[in-house]
Amino acid sequence: MKEITINQAQKMTAPSPFALLSAAGKDGKTNIMAVSWWTYLSNHPPKLGVCLSNRGYSGRLIRESEEFALNIVGKDLKEAALNCGRCSGAVVDKVSKFGIEMFRASEINTALVADSRVSLECRLTNCFDVGDHTIYVGDIISAHGDENQTQLYAFDGYSRLDTL
Ligand SMILES: Cc1cc2nc3c(=O)[nH]c(=O)nc-3n(C[C@H](O)[C@H](O)[C@H](O)COP(=O)(O)O)c2cc1C
């Protein structure tokens, strides 16, 4: 084994999980962003965590609304989902620009991504500052699933999405 950088390590540990995180502002408009740094954290109570850059727009929306949704999207969204990781909701309405179909959540005001294998509605419980990122922990308060959807993973240092 040789010394490698953190970027090389991340590239070499693909495939990484992949999801689209949705969060709504006070105006009720939903923004979506690409997320690979997420994990389940607890079963009882059900919890998950997402780790978001402090430079992005979604973190601000989550802190304001205290809720978010994680959508583990299907292969039909391969291109649109990657685009959601390449621009900010602060300047682009990604839902309309990339033609992503959304549906109403049952417990939260944030809309959910229709073409998902699993969508999880979360209520924010904690935030942890971890350097240039913040971990947002949420209680999973509702879960939706469609076994016919095939989920996407991130490859090549988060530059490509594909199924397994
Ligand atoms: C495959 C992929 C995975 C990504 N994973 C994360 C992540 O886990 N955390 C993060 O902060 N940004 C991640 N990004 C980058 C954000 O999606 C990107 O900065 C986005 O523009 C933020 O959008 P927002 O400003 O609307 O919140 C990822 C991008 C791609 C393409």
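Which residue in E10 is the bridge partner of Leu120? In the predicted model described here, that partner is Ala143, and the pair belongs to a set of 12 bridges through which E9 and E10 are joined in antiparallel fashion. The two strands, E9 covering residues 116-130 and E10 covering residues 133-145, form a hairpin with two residues between them, and Gly131 in the turn adopts a positive phi of about 85°.

This hairpin is part of an open sheet of seven strands, in which the pairing is antiparallel and the order is E3-E2-E6-E9-E10-E5-E4. The edges are formed by strand E3 (30-35) and strand E4 (38-43), each of which pairs on one side only. On average, and with direction ignored, neighbouring strands of this sheet are turned by 35° against each other. Strands of a sheet in general pair through backbone hydrogen bonds, in either a parallel or an antiparallel manner. At the E3 end of the order, strand E2 (residues 19-24) is joined to E3 by six bridges, the two strands running antiparallel, and within this pairing Ser22 has Ile32 of E3 as its bridge partner. Further along the sheet, E6 and E9 also run antiparallel and are connected by seven bridges, with Asn71 having Ser119 of E9 as its bridge partner.

Within E2, attention may be drawn to Ala19, which has its place in that strand. Ala19 counts as buried because 29 C-beta neighbours lie inside 10 Å, where 20 or more are required for that class. Apart from neighbours within four places in sequence, the residues in contact with Ala19 are Val35, Trp38, Leu70, Asn71, Ile72 and Val73; one of these contacts, Asn71, is the residue whose bridge partner in E9 is Ser119. The C-alpha atoms of Ala19 and Ala81 are separated by 8.3 Å, although the two residues are 62 places apart along the chain.

Helix H2 (residues 58-65) lies across E2, E3, strand E5 (46-53), strand E6 (67-73), E9 and E10, and runs at about 50° to E2. The buried residues of this helix are Ser58, Gly59, Leu61 and Ile62. These residues cover an arc of only 160° around the axis, and they are therefore placed on the same side of H2. The strands against which the buried residues of H2 pack are E2, E3, E5, E6, E9 and E10.

The residue just after H2, Glu66, takes a positive phi of about 60° and is located in the loop between H2 and E6. Glu66 counts as partly exposed because 14 C-beta neighbours are found inside 10 Å. A second residue other than glycine with a positive phi is Asp156, for which the value is near 55°; Asp156 lies in the loop between E11 and strand E12 (160-162). With 11 C-beta neighbours inside 10 Å, Asp156 counts as exposed, since the limit for that class is 12 or fewer. Such values merit mention because most residues other than glycine have a negative phi, just as most peptide bonds are trans.

Two cis peptide bonds can be described in the same context. The bond from Ala14 to Pro15 is cis, with omega near 0°, and Pro15 is placed in the loop between helix H1 (6-12) and strand E1 (16-17). The bond from His44 to Pro45 is likewise cis, with omega near 5°, and Pro45 is found in the loop between E4 and E5.

Around the ligand there are 21 residues, of which Trp37, Ser58, Gly85, Ser88 and Gly89 come nearest. The elements that give two or more residues to this shell are E3 and E5, and E3 gives the most, with four residues. By side-chain class, the shell divides into 13 nonpolar and eight polar residues, with no charged residue. Ser58, one of the residues that come nearest to the ligand, is also among the buried residues of H2.

A contrasting environment is found at Glu147, in the loop between E10 and strand E11 (153-155). Glu147 is exposed, as only 7 other C-beta atoms lie within 10 Å. From Glu147 to Met1 the C-alpha to C-alpha distance is 40 Å, the two residues being 146 residues apart in sequence.

Definitions and conventions
Residues numbered from 1 in each chain as written. Predicted model: local features only at pLDDT ≥ 70, side-chain atom pairs only at ≥ 80, totals over all residues. Pairing = 2+ DSSP bridges. Axes fitted to C-alpha atoms, helices over the stretch in contact; angles between N-to-C directions. Contact = placed C-beta atoms within 7 Å. Arc of directions from axis to C-beta. Near = placed C-beta within 6 Å. Nonpolar A, V, L, I, M, F, W, Y, C, P; charged D, E, K, R; others polar.
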